[in-house]
Every structure is written in structure tokens, then in C-alpha cells.
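Subject: Structure for your review

Dear colleague,

Please find below the structure that I am handing over to you. My findings follow it.

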Amino acid sequence: MNNQIAVLDGIHSASQTTTEKLTAAIDMSKFVKVWFLIDSGTLGASGNLNFQVKGCATSGGTYTAIPATAITALVKATDDNKYAGVEIKAVTAAGLGYRYIKGSLLPGTAAANSAVLALGFGPAYGPAAGYNATNVAQMVYA
């Protein structure tokens with residue numbers, strides 16, 4: 001697995017306020033695809049949780065929502081402690097003129113104890129483990 005999957009970034013589990021949280025910029029030229037795992041955690045009273053992928057041609061530019069990458073909002077009534085996933089292919093991002101992407105987490109109405117993990121699959125060069133985020137403390141391969 002260390003040759004194929006890298007932990008790229010994420011939004012750590014915490015009580016997320018109702019403002020947009022973004023992952024770091026992910027360079028899609030380094031992977032075949034990127035998968036975002038969203039953990040709703042416990043949503044606040046009458047709260048909801050939204051996620052989508054945004055793209056940009058440059059790492060520091062303005063990021064725009066990528067069509068067909070938004071989840072259906074997770075809601076307090078049915079979606080506490082649920083997972084959702086969004087996969088985006090490098091060719092999709094490139095076809096829209098985006099080299100870089102970010103995951104966008106947006107709790108609505110009330111804070112949400114939620115998290116996001118971004119995983120890169122199929123590295124362009126070398127083992128994926130070489131692309132792990134700097135905050136990956138350890139990886140154990142048995």
C-alpha cells in the first residue's frame with residue numbers, strides 16, 4: 001500500500017465552526033486520483049455538513065467549485081457519525097484547467113465535530129509514501 005496510497009492532507013477532527021475549512025493545495029499532476037473521506041462526527045443542533053472539491057490552475061490562486069464533486073448535505077436528523085467519500089481523477093481536474101485541488105468542508109447552521117482525510121492514489125513517480133504530508137507521524141507496514 002505504501003507504493004500506491006499517500007496521506008496528502010486533511011482537516012483534523014474538531015468542533016468545526018460554520019465557516020469554510022480548506023485542505024492544503026493538492027497537486028493533481030502527482031496522482032492518478034485523489035479520494036476525500038469525510039467523517040460527519042456529531043453534528044450540532046439542526047446542523048448540516050457540506051463538502052465539495054475546488055480547483056485552480058495555480059496553487060495560490062482562487063479556487064472554484066468543481067462540478068459533480070459535492071456531497072448531498074449530511075444532516076443532524078440522520079447523519080451523525082457517518083462517512084462520505086468523494087473521488088476525483090487527475091484527468092477530470094486537468095480537463096477543467098485545474099492542476100491543484102482543495103477539499104472544502106462547510107458546516108451549516110451549527111458547529112460539527114467533523115473531519116476530512118485526503119488520500120492520493122497511483123503516484124506519478126516513485127512510491128506514494130514519499131508524498132505523505134509532513135504531519136504524518138508514522139506508517140507501519142506489516
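From the N terminus on, the elements of this predicted chain follow the order β-β-β-β-β-β-β-α-β-α-β-β. There are two helices and 10 strands, where helices (H or I, at least four residues) and strands (E, at least two) are DSSP runs, numbered from the N terminus. The radius of gyration, taken over C-alpha atoms, is 15 Å, close to the 14 Å that the globule rule gives for 142 residues, so the chain is as compact as a globular protein of that length. That rule is 2.2 Å times the number of residues to the power 0.38.

Residues are numbered from 1 along each chain as its sequence is written. As this is a predicted model, local features need pLDDT of at least 70 and side-chain atom pairs count only at pLDDT 80 or more, while totals for chains, interfaces and linings use all residues.

Buried residues (under 20% relative accessible area, 1.4 Å probe, protein chains only) make up 43% of the 142 residues. Strand β9 (residues 100-108) has eight of its nine residues buried.

Which strands pair with β9, given that pairing requires at least two DSSP bridges? Strand β5 (residues 48-56) runs antiparallel to β9 and is joined to it by nine bridges; there, Phe51 has Leu105 as its bridge partner. Strand β2 (residues 21-22) is also antiparallel to β9, with two bridges, and Leu22 stands opposite Ser104. Two bridges likewise join β3 (residues 26-27) to β9 in antiparallel fashion, with Asp27 opposite Tyr100.

Yours sincerely

Technical notes
Heavy atoms only, no water. Buried < 20%, exposed > 50% of the residue type's maximum accessible area, 1.4 Å probe, protein only. Pairing = 2+ DSSP bridges.
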